[in-house]
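User: Got a minute to go through this one with me? I'd like to begin with a single side chain and then zoom out.

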Amino acid sequence: MKIVVVSDTHGDLEKIYQVIDANPNAELYLHAGDSCVIPQILPLFRAVKGNCDIGYDYPEELTIKTSYGDIFITHGHKYFNISPYLVKSKDVKLFIFGHTHKKCLEQIDNTYILNPGSLTRPRDDDKGSYAVIELDENKCEIIFKYL
């Protein structure tokens, strides 16, 4: 299963469409908040609400079942930090968040922690980033891509 994850696009639909065009065979597109676009514009994406998504009716958190295991996604602004305790409390295989505009890929026990960075306003690079996840029931491979 191919999953594409973006975050913190802040209304830049052109960049979102570039990611879709570069990954037309993805089975799932996820947005980790601060999309700042009307949900109907992005029917392909499952999205959560970020701190800048005021007035949008996205859920605060999502849990998605896959053959590899559950994926939890939140923007992350409601947490002081993404601590090992928080990650373990969700009992998932993949914990996705945004908000910091900085890429992150770590592993705690059997859980991957992923922040795809910001597609439009990165704070850790001069190029916008997103993540591509390839998974099946036995493995999870995550790479960062850039526009």
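Analyst: Sure. A polar side-chain atom of T111 sits 2.6 Å from the backbone oxygen of V92, a polar contact (N or O atoms within 3.5 Å, one able to donate a hydrogen and the other to accept it; residues adjacent in sequence count only if both atoms are side-chain atoms). This is a predicted model, where local features need pLDDT of at least 70, side-chain atom pairs count only at pLDDT 80 or more, and totals for chains, interfaces and linings use all residues. Residues are numbered from 1 along each chain as its sequence is written, and side-chain values use heavy atoms, with hydrogens and water left out.

User: Is T111 buried or exposed?

Analyst: Buried, because its relative accessible area is 10%; the cut-offs are under 20% for buried and over 50% for exposed, with partly exposed in between (1.4 Å probe, protein chains only).

User: What does T111 touch?

Analyst: Leaving out residues up to four places away in sequence, T111 touches V87, V92, K93, L94, F95 and E106. Contact means heavy atoms within 4.5 Å.

User: And which strand is T111 in?

Analyst: Strand 8, residues 111-116. Strands are DSSP E runs of at least two residues, helices H or I runs of at least four, numbered from the N terminus.

User: Zooming out, how many helices and strands does the protein have?

Analyst: 2 helices and 10 strands, in the order β-α-β-β-β-β-α-β-β-β-β-β from the N terminus.

User: How much of the protein is buried?

Analyst: 48% of the 147 residues.
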